[in-house]
Amino acid sequence: MEHISLLIIGSGPAGYTAAIYAGRAGLKPVVLEGLQPGGQLTITTEVENFPGFPDGIDANMLMDDMRRQAERFGAEIRSISVIRADLGKRPMQVWTDDENEIQADSIIIATGASAKYLGLSDEQKYMGQGVSACATCDGFFYRKKTVAVVGGGDTACEEALYLAGLAAKVYMIVRKPFLRASQIMQQRVADNQKIEVLYETNTLGLYGDNGVEGAHLVYKKGQEEERIYDLPIDGFFLAIGHTPNSQLFQPWVKTDETGYIITEGDTPRTGIDGLFAAGDVADPRYRQAIVAAASGAKAAIEAEKYLQSL
Ligand code: NDP
């Protein structure tokens, strides 16, 4: 069985940054890329808020560059996924989908989080062409346009408020007759002239020949007053929650009720020797590429210290 000193699981900004730092420290990290090489950024188009790129950068190019940078310092990147883990024994052990077993003295979990979608086929069809799950990433492209945000929680309100600063009009599509968000967020939404909340409304599909041009909506579905209508919009933003990809590790790490890994204070330490968590899998709050990259750097530094102590 293979035995390595540092295994990095995940290949978003956190995983690759951890690999760059660990590679430069001579740790020869192995990165398991998982099902979405490059992570969530690869489903957006252009990244304009990552420092160092004054003219913006194509998201896939940014992730390819991070990957090459990690390889340049000796990281070995494999296109495989972890299917099982035992983090209770030493060395820790994972099983991969190419039927291998890897033992590792230290592991950085950087598996990210996945935005939830409604499950409509149109979401796939218009992905990156009007459908987004990140207003901070893509909102800028909707300046002076009309957009809709699906969801009634704090994230949806935050996204709607952010978009209202850019777009001409923001609809919130909320399936219940009320918002689930905190009072303060509800108040901010109510005070914003550009935001209109469509309560008791569900999305049936999207339409448009050139990207999203509108949504098919249903008001009071299944009730006497049911009304199906089309809402012209340019952008359709999902804000119905995220699922952290922590399932495989939950028997060992502490998580909050949603599954985000709880780390010690402002560090990537999980409380288990040699095991660290970086990026969105441990970040219910910011969920930004630059924040994930920074936490990947911290995790590599912590892993290096840990490995030196062995
Ligand atoms: P939430 O689970 O709180 O809200 C999800 C929203 O999406 C709900 O309105 C829910 O509707 C709706 N929804 C879920 N599934 C569907 C569906 N299939 N179709 C239509 N609507 C759907 O998630 P958030 O991401 O908003 O928040 C997660 C946590 O993070 C919360 O604890 C929140 O308070 C916190 N947070 C705090 C912030 C802050 O403090 N500024 C900012 C962002 C998040 P329904 O109500 O009907 O279930």
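Helices here are DSSP runs of H or I with at least four residues, numbered from the N terminus. Keep in mind that this is a predicted model.

**Exercise 1. Find the helix that holds Val-291, and work out whether Val-291 is buried, partly exposed or exposed.**

Solution.
- Start with the helix: Val-291 sits in α7, which covers residues 289-308.
- Next, get the relative accessibility, which is 32% for Val-291.
- Now apply the cut-offs: buried is under 20%, exposed is over 50%, and partly exposed lies in between.
- Val-291 has 32%, so it counts as partly exposed.
- Finally, look at the company it keeps: Val-291, Tyr-286 and Ile-290 make a nonpolar surface patch of about 270 Å².

**Exercise 2. Work out which element gives the largest share of the largest nonpolar core.**

Solution.
- This core has 33 residues, and those touching the most other members are Leu-6, Ile-8, Leu-41, Val-47, Phe-50, Leu-62 and Ile-108.
- Elements that each supply at least two core residues are β1 (2-9), α1 (13-24), α2 (59-72) and α7.
- The largest share goes to α7, with 8 residues.
- So what does α7 do overall? It carries the partly exposed Val-291 and also supplies those 8 core residues.

**Exercise 3. Trace the neighbours of strand β7 and say how its side chains point.**

Solution.
- Begin with cover: β7 spans residues 92-96, and 5 of its 5 residues are buried.
- In a regular strand, side chains alternate between the two faces of the sheet.
- In β7, Met-92, Val-94 and Thr-96 point one way, while Gln-93 and Trp-95 point the other way.
- On to the partners: β6 (residues 82-86) runs antiparallel to β7, with 4 bridges joining them, and Ala-85 has Val-94 as its bridge partner.
- A hairpin of 5 residues links β6 to β7.
- β8 (residues 101-109) is also antiparallel to β7, again through 4 bridges, and Trp-95 is paired with Glu-101.
- The β7-β8 hairpin has 4 residues between the strands, and Glu-99 in its turn shows a positive phi of about 65°.

**Exercise 4. In the sheet β14-β15-β16, work out which strands stand at the edges and why one side of each lacks a neighbour.**

Solution.
- Write down the order: β14-β15-β16 is an open sheet of 3 strands with antiparallel pairing.
- β14 (201-207) and β16 (227-232) are at the edges; each has a single partner strand, so one side of each is left without a neighbour in the sheet.
- From one strand to the next, the twist averages 25°.
- For a closer look, β15 (residues 214-219) is joined to β16 by 6 bridges, and Leu-217 stands opposite Tyr-229 in β16.

Definitions and conventions:
Residues are numbered from 1 along each chain as its sequence is written. This is a predicted model: local features need pLDDT of at least 70, side-chain atom pairs count only at pLDDT 80 or more; totals for chains, interfaces and linings use all residues. Side-chain values use heavy atoms; hydrogens and water are left out. Patches are made of residues with over 30% relative accessible area and no salt bridge: like charges are joined within 9 Å, nonpolar side chains (Val, Leu, Ile, Met, Phe, Trp, Tyr) within 5 Å. Accessible areas come from the Shrake-Rupley method with a 1.4 Å probe; for residues, only the protein chains shown count as cover. A salt bridge is a side-chain nitrogen of Lys or Arg within 4 Å of a carboxyl oxygen of Asp or Glu. Buried means under 20% relative accessible area, exposed over 50%, partly exposed in between (1.4 Å probe, protein chains only). Two strands pair if DSSP finds at least two bridges between them. Axes are lines fitted to C-alpha atoms, for helices over the stretch in contact, and angles run from 0 to 180 degrees between N-to-C directions. A nonpolar core is a set of buried Ala, Val, Leu, Ile, Met, Phe, Trp, Tyr and Cys residues joined through side-chain atoms within 4.5 Å.
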